[in-house]
Amino acid sequence: CVRALEGFANTVGRTAAWIGLLMVIQQVMVVFLQSVFRLGELTISPAGFGFTQTVGWFSEELKLYNAIVVAMCVTYTFVQGSHVRVDLRYAPASFRVKKLIDMFGSLFFMIPVATLTWIYAWFFLWRHLITPKVSASDKLELMVRKGSIVKWNVETFAFSPSGFNGYFLFKILMCTFTLLTFLHAIAFFYRSFMEFREGPSSEGKYLDRDTLGEGEEAYEGTH
């Protein structure tokens, strides 16, 4: 179970990380189209299907790419041990104390925060996809009444004229972020529990971490 959840986090993160390359390419393209060629629109037609938007739309779309990297690489970064952490108390602790702290943090910080964030993010998402709008503060009877007349109403507004209009995708990413965090909290708790039970020799057992190559161990986890 632990290896499957960690493998899932790594697969999602390693795949989503390629969005960073697309983000750089698109940013360079936008700069050249606006500043050099003075074009206002861009048409992309893969497989003969045309897609035309303003250059400003593609510029604002970069926010979505950044959100994808943050939301979908969060647990991958956790598995790789690359999150910034303050170890004033944790670093000098013994192995078993560290595992107890990790288990406590998983149960009483990661899972509750992820659950609370999910509850509000889920309602926030559906408020922009259906009508009548729902709220986390609605009583059950009111939700049932609303559910009887619900219909799709995907909001596609933009913050600027001819700007990016797919901001409902950010709400989907919020739910994705909290779901990934919740799943990895379970994996992290069980890994900490198994390592606590088996002892220091089991630390990092079967942990799939990226490597920069032989002789580069001192730099790993700092990039």
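This is a tour of one predicted chain, stop by stop, with a selection to make at each.

The model is predicted: local features need pLDDT of at least 70, side-chain atom pairs count only at pLDDT 80 or more, and totals for chains, interfaces and linings use all residues. Residues are numbered from 1 along each chain as its sequence is written, and side-chain values use heavy atoms, with hydrogens and water left out.

**Whole chain**

Select the chain and colour by secondary structure. There are seven helices and four strands. Helices (H or I, at least four residues) and strands (E, at least two) are DSSP runs, numbered from the N terminus. Read from the N terminus, the order is α-α-β-β-α-α-α-β-α-β-α. The radius of gyration is 22 Å, well over the 17 Å that the globule rule gives for 223 residues, so the chain is more spread out than a compact globule. That radius is taken over C-alpha atoms, and the globule rule is 2.2 Å times the number of residues to the power 0.38. Along the principal axes, the C-alpha trace spans about 60 × 55 × 35 Å.

Next, colour by accessibility. Of the 223 residues, 32% count as buried. Buried means under 20% relative accessible area, exposed over 50%, and partly exposed in between, with a 1.4 Å probe and protein chains only. Of the contacts with a separation of 6 or more, 64% are between residues 24 or more positions apart; a contact means heavy atoms within 4.5 Å.

**The hairpin**

Select residues 41-44 and 51-54. These are strands β1 and β2, which run antiparallel and are joined by four bridges. Two strands pair if DSSP finds at least two bridges between them. To check the register, pick Leu42: its bridge partner in β2 is Gln53. Six residues separate the two strands of this hairpin, and Ala47 in the turn has a positive phi of about 55°.

**Helix α1 and the cavity**

Select Leu5, which lies in helix α1. Leaving aside residues up to four places away in sequence, Leu5 touches Leu183, Ile186 and Ala187. For a distance check, the C-alpha atoms of Leu5 and Ala71 are separated by 16 Å, with these positions 66 residues apart along the chain.

Leu5 is also one of the residues that line the largest cavity, so add the others to the selection: Phe8, Ala9, Thr75, Leu180, Leu183 and His184. The elements that give two or more residues to this lining are α1 (2-16) and α7 (168-198). By type, the lining has five nonpolar residues, two polar and no charged. Ala, Val, Leu, Ile, Met, Phe, Trp, Tyr, Cys and Pro count as nonpolar, Asp, Glu, Lys and Arg as charged, and the others, Gly among them, as polar.

The largest cavity holds about 40 Å³ of space, and the count comes to one cavity of 30 Å³ or more. On a 1 Å grid over the protein atoms alone, a cavity is a set of points where a 1.4 Å probe fits but cannot get out, while a pocket is an open set with protein on both sides within 12 Å along at least five of seven lines; lining residues have an atom within 4 Å of a point. Grid points are joined across faces, edges and corners, and a volume is the space filled by probe spheres set on the points.

**The largest pocket**

Select Phe78, Arg85, Tyr90, Asp102 and Phe188. Among the 31 residues that line the largest pocket, these lie nearest its centre. The elements that give two or more residues to the lining are α4 (74-80), α5 (95-126) and α7. The largest share, eight residues, comes from α5. The pocket contains about 790 Å³ of space. Its lining divides into ten nonpolar, eleven polar and ten charged residues.

**Backbone details in the loops**

Select Thr131 and Pro132. The peptide bond from Thr131 to Pro132 is cis, with omega near 0°. Pro132 is found in the loop between β3 (130-131) and α6 (140-147).

Move on to Ser162, in the loop between β4 (151-152) and α7. Ser162 is not a glycine, yet its phi is positive, at about 60°.

**After α7**

The last stop is the segment after α7, where Tyr206 lies. Phi of Tyr206 is near 60°, a positive value in a residue other than glycine. Is Tyr206 buried or exposed? Tyr206 is exposed, with a relative accessible area of 52%.

Thr211 also lies in the segment after α7. Thr211 is exposed, and its relative accessible area is 56%. Finally, draw a distance from Thr211 to Ser59: the C-alpha atoms are separated by 33 Å, and the two residues are 152 residues apart along the chain.
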